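Me: I've just opened this one and I'm new to it. Could you walk me through the labels and tell me what each rests on?

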Amino acid sequence: MDVKDIGKKVTNPELLEAMRALKDKQEGDTMKTLFEAILKAVLIVPAKFDKEPQPDENGKIVLDKNIKVNFALLTNQSGDKVLPCFTDEDTLNASQFDDSFQKILLPYKQLSDMVVSSKGAISGIVINPFTENCCIPAELMIDYHNFSNKNLVQKKLTPGSTVKLRTPRYQPVQMLEECSKLLVKYPVVERAYIQMMEEEKKEDKYLVALDMLGDERPLLSALIPAMKPHAFGIEIAFVKTDNPLGQKVKELAEPFYVRADLVDDADDDAEEGTEE
């Protein structure tokens, strides 16, 4: 484990702006902007070592396996332990963490790994706890962690398992509305479909199929926090339509989202057919 350039100047202007916007207006768009910013962020985390780490021959400070790192934790109003992180030196200096703490620079991915691997001991992170006080709960971090590490649902299916698809008995209307609002901002997505997926010995889940080009991970980082509050506690999985499972969803379901220019093209085709 490296101590990332202790003393290096760190700034996160996009993340600061996103956190302040979220405080003023908590809705899907601001939450999306926050996650887009935090996924790129490197944050300062206060910690203490049981002995002073030494630089290597290149002057880089490296923690060997014999050095124990004790990360500082705060207790929130619910009595849960959260990991404090800071966007820059100024916010850290305004906190209770004095010079007795080392300042470790960690990207969000490593922070997420720490929270997930704590198995409930850490209930999330809090960014700039004494100023913006932006909390990211472990549940939300774990959701994205699972999607980013396992990628899409077709990679999580148990080999040889039986999968059944059906139309949801009760359409999650608000969830699909939130999804559609975000998809408008991603022109790589042409259409989106939904089915319920039944897999042996597992809970039923919503399966959203995306007809899209390119990398889906930046899109999922926005979709997950926007859709989850409206999913009635049901897990949401994603798949692209360029594989057999996604193609089957596309065959069975009408799209709940169609990119605007494609809607216009379909209307033009229908009008031309009528004239003939």
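Me: How many aromatic pairs does a search of the whole structure find?

Reply: The search turns up 2 aromatic pairs. Keep in mind that this is a predicted model. One pair is F86 with F97, whose ring centres are 6.0 Å apart. The rings of F97 and F101 are also paired, with their centres 5.0 Å apart.

Me: What makes the pair of F86 and F97 edge-to-face?

Reply: The angle does. Their planes stand at 75 degrees, and the label edge-to-face asks for over 60. So the pair of F86 and F97 is edge-to-face. F86 sits in the loop between strand 4 (81-85) and helix 3 (89-93), while F97 sits in the loop between helix 3 and strand 5 (102-107), so the pair ties together parts that are 11 residues apart in sequence.

Me: And how do you know which label fits F97 and F101?

Reply: Go by the angle again: the planes of F97 and F101 are at 85 degrees, so that pair is edge-to-face. F86, F97 and F101 form one aromatic cluster. The charged end of K48 joins the picture too, sitting over the ring of F101 at 4.5 Å from its centre.

Me: Why is F97 called buried or exposed, and what about F101?

Reply: Buried means under 20% relative accessible area. F97 has 9%, so F97 is buried. F101 has 21%, so F101 counts as partly exposed. F86 is buried, as is F97.

Me: How many disulfides does a search of the whole structure find?

Reply: The count is 0 disulfides. Take C135: its closest cysteine sulfur is the one in C134, 6.9 Å away. A disulfide needs the two sulfurs within 2.5 Å, so the sulfur of C135 is too far from that of C134 for a bond.

Me: What makes C85 buried or exposed?

Reply: C85 has 0% relative accessibility, so C85 counts as buried. C85 is also one of the residues in contact with I125, leaving aside neighbours within four places in sequence. Others touching I125 include I38, L83, Y108 and V115.

Me: Which residues touch the most other members of the largest nonpolar core?

Reply: They are L15, L34, I38, L83, I125, I127 and I136, in a core of 31 residues. Helix 1 (residues 13-24) gives the most to this core, with 5 residues. Another core lies apart from it, with 25 residues, among them C179, M212, L219 and Y257.

Me: What makes strand 1 (residues 42-49) mostly covered?

Reply: A simple count: 6 of its 8 residues are buried. Strand 1 also has pairing partners.

Me: How do you know which strands pair with strand 1?

Reply: Look at the bridges, since pairing takes at least two of them. Strand 1 and strand 5 are joined by 6 bridges and run antiparallel. Within that pairing, V42 of strand 1 has P107 as its bridge partner. Strand 1 is also paired with strand 2 (residues 69-71), over 3 bridges and in the antiparallel sense. There, A47 has F71 as its partner in strand 2.

Me: What is notable about phi in K119 and N128?

Reply: Most residues other than glycine have a negative phi. K119 has a positive value, near 55 degrees, and N128 also has a positive value, near 50 degrees. K119 is in the loop between helix 4 (108-117) and strand 6 (124-127), and N128 is in the loop between strand 6 and strand 7 (134-137).

Me: Why is K119 called buried or exposed, and what about N128?

Reply: Exposed means over 50%. K119 is at 80%, so K119 counts as exposed. N128 is at 0%, so N128 counts as buried.

Me: Last one: what makes I234 buried, exposed or partly exposed?

Reply: Its relative accessible area is 27%, and partly exposed runs between 20% and 50%, so I234 is partly exposed. I234 lies in the loop between helix 7 (217-227) and strand 11 (236-240). Not counting residues up to four places away in sequence, I234 touches M196, D204, K205 and Y206. I234 and D204 are 30 residues apart along the chain, with their C-alpha atoms separated by 7.5 Å.

Methods:
Residues numbered from 1 in each chain as written. Predicted model: local features only at pLDDT ≥ 70, side-chain atom pairs only at ≥ 80, totals over all residues. Heavy atoms only, no water. Core = buried A, V, L, I, M, F, W, Y, C linked by side-chain atoms within 4.5 Å. Buried < 20%, exposed > 50% of the residue type's maximum accessible area, 1.4 Å probe, protein only. Helix = DSSP H or I, 4+ residues; strand = E, 2+ residues; numbered from the N terminus. Contact = heavy atoms within 4.5 Å. Phe/Tyr/Trp six-rings, centres within 6.5 Å; stacked < 30°, edge-to-face > 60°. Lys NZ or Arg CZ within 6 Å of the ring centre and 35° of its normal. Pairing = 2+ DSSP bridges.
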